[in-house]
Amino acid sequence: GSSRTDKGVHSLGNTAHCDIFPRLSRKGTTHLEVPSAESVLKGVNAKLREKNHLIQLNSVWKLPQDSMMHARYSAINRYYRYLVVAPCDHPSTTTSSSLTTAAPNRHRGSTSFYSHGPLHCRDSHTYLALPLQLPKLLACLDAIQGTWDFSLFRAAGCTAPSPVRTITHASVDVSDIPVHLTAEEGVPGADAALQLYTFHLHSPAFLYRQIVNIMGFMLRVGM
């Protein structure tokens with residue numbers, strides 16, 4: 001594949017390649033045939049649904065035999081998007097305690113306001129118990145852009161011959177997520193706000209677990 005996702009990371013638009021060898025035709029003759037791109041698409045997706053895997057192929061192309069395309073080595077850009085939900089950095093006096101002191105649940109770094117997130121986001125967002133300081137995050141993002149030796153941020157199992165990588169873009173967007181508190185969570189009927197931080201990181205190639213480690217470092221700095 002063009003990239004390997006870390007545990008808990010969702011992949012969108014990933015590209016992969018494989019070699020499919022000719023097989024005997026269904027008629028039992030000696031004629032060899034290669035399955036069409038359409039039959040591969042339908043067949044693989046049928047098997048994925050059968051196994052209840054939450055993944056599907058969007059399209060399949062048949063390349064010429066002399067094609068030099070390689071899903072991993074031909075990729076010219078890779079993009080990570082990290083979604084982080086944290087309490088508002090300027091909460092109101094009536095709701096701040098209910099949002100920042102709730103007991104953590106089983107989700108990593110999260111609190112009971114995990115339940116306020118949209119249903120489709122709960123397994124794709126990181127939830128924090130403390131607000132983030134945007135100026136600190138911006139300073140970190142500015143510092144990692146460019147070409148650097150990222151030895152401190154690659155995992156022990158990394159097999160890349162060089163720890164030098166170039167991050168061509170690093171930014172964050174911040175937006176508010178309004179929530180409605182219940183009697184058990186705070187003042188009944190009170191409105192509060194969580195903040196959604198969307199981090200964007202681009203590079204021609206990443207080291208093993210490089211971005212996971214960078215994000216963990218930045219979030220610690222930002223809290």
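Is I167 buried or exposed? I167 is buried, with a relative accessible area of 2%. That value, like the others here, comes from a predicted model. I167 is a useful entry point, and the rest of the chain can be read outward from it.

I167 sits in strand 6, which covers residues 164–167. Which residues does I167 touch, once neighbours within four places in sequence are left aside? The contacts are I144, Q145, G146, F150, H202, S203, Q210 and I214. Two of these can be placed directly in helices: I144 falls in helix 3 (134–144), and I214 falls in helix 4 (210–222). Q145 deserves a second look. Q145 and I167 are 22 residues apart in sequence, yet their C-alpha atoms are 5.0 Å apart in space. With a relative accessible area of 2%, I167 falls under the 20% limit for a buried residue.

Now step back to the whole chain. The protein chain holds 4 helices and 8 strands. Read along the sequence, their order is β-β-α-β-α-β-α-β-β-β-β-α. The chain has 223 residues, and 32% of them count as buried. Its accessible surface comes to about 14700 Å². Carbon and sulfur atoms account for 57% of that surface. Contacts also reach across the sequence. Among those between residues at least 6 apart, 63% join residues at least 24 apart.

Next comes the interior. In soluble globular proteins, nonpolar side chains tend to be buried together. Here the largest nonpolar core has 28 residues. Which residues have the most contacts inside this core? They are F199 and M215. Several elements build the core. Strand 3, helix 3 (134–144), strand 7 (169–180), strand 8 and helix 4 each supply at least two of its residues. The largest share, 6 residues, comes from helix 4. M215 shows how these parts meet. Not counting residues up to four places away in sequence, M215 touches Y82, V84, F199 and L201. Apart from this core lies another, of 6 residues. Its members include L83, Y127, I177 and L194.

Strand 3 takes the story further. It spans residues 78–87, and 8 of its 10 residues are buried, so strand 3 is largely enclosed by the rest of the structure. Y82 and V84, both contacts of M215, lie within this strand's range, residues 78–87. L83, listed in the other core, also lies in that range. In a regular strand the side chains alternate between the two faces of the sheet. Strand 3 also has a partner. It is joined to strand 4 (residues 126–127) by 2 bridges, and the two run parallel. Where does V84 pair in strand 4? Its bridge partner there is T126.

The surface has its own landmarks. How many salt bridges does a search of the whole structure find? It finds 1. The side chains of E38 and K42 form it, at 3.0 Å from N to O. Both residues are exposed. They lie in helix 1 (residues 37–50), 4 residues apart, which means that about one helical turn separates them.

Beyond helix 1, the loop leading to strand 3 holds L63 and Q65. L63 is partly exposed, with a relative accessible area of 45%. Together with W61 and M69, L63 makes a nonpolar surface patch of about 360 Å². Q65 counts as exposed, at 88% relative accessibility. Its C-alpha atom is 9.9 Å from that of D19, which is 46 residues away along the chain.

G13 lies in the segment before strand 1 (23–24). At 67% relative accessibility, G13 counts as exposed. G13 and L57 are 44 residues apart in sequence, with 9.3 Å between their C-alpha atoms.

One backbone detail remains. R209 has a phi near 60°, a positive value in a residue other than glycine. R209 lies in the loop between strand 8 (191–203) and helix 4 (210–222). R209 is partly exposed, with a relative accessible area of 28%.

Conventions:
Residues numbered from 1 in each chain as written. Predicted model: local features only at pLDDT ≥ 70, side-chain atom pairs only at ≥ 80, totals over all residues. Heavy atoms only, no water. Buried < 20%, exposed > 50% of the residue type's maximum accessible area, 1.4 Å probe, protein only. Pairing = 2+ DSSP bridges. Salt bridge = Lys/Arg side-chain N within 4 Å of Asp/Glu carboxyl O. Patch = residues over 30% accessible without salt bridge, like charges linked within 9 Å, V, L, I, M, F, W, Y side chains within 5 Å. Areas by Shrake-Rupley, 256 points an atom, 1.4 Å probe, with all protein chains shown as cover. Core = buried A, V, L, I, M, F, W, Y, C linked by side-chain atoms within 4.5 Å. Contact = heavy atoms within 4.5 Å.
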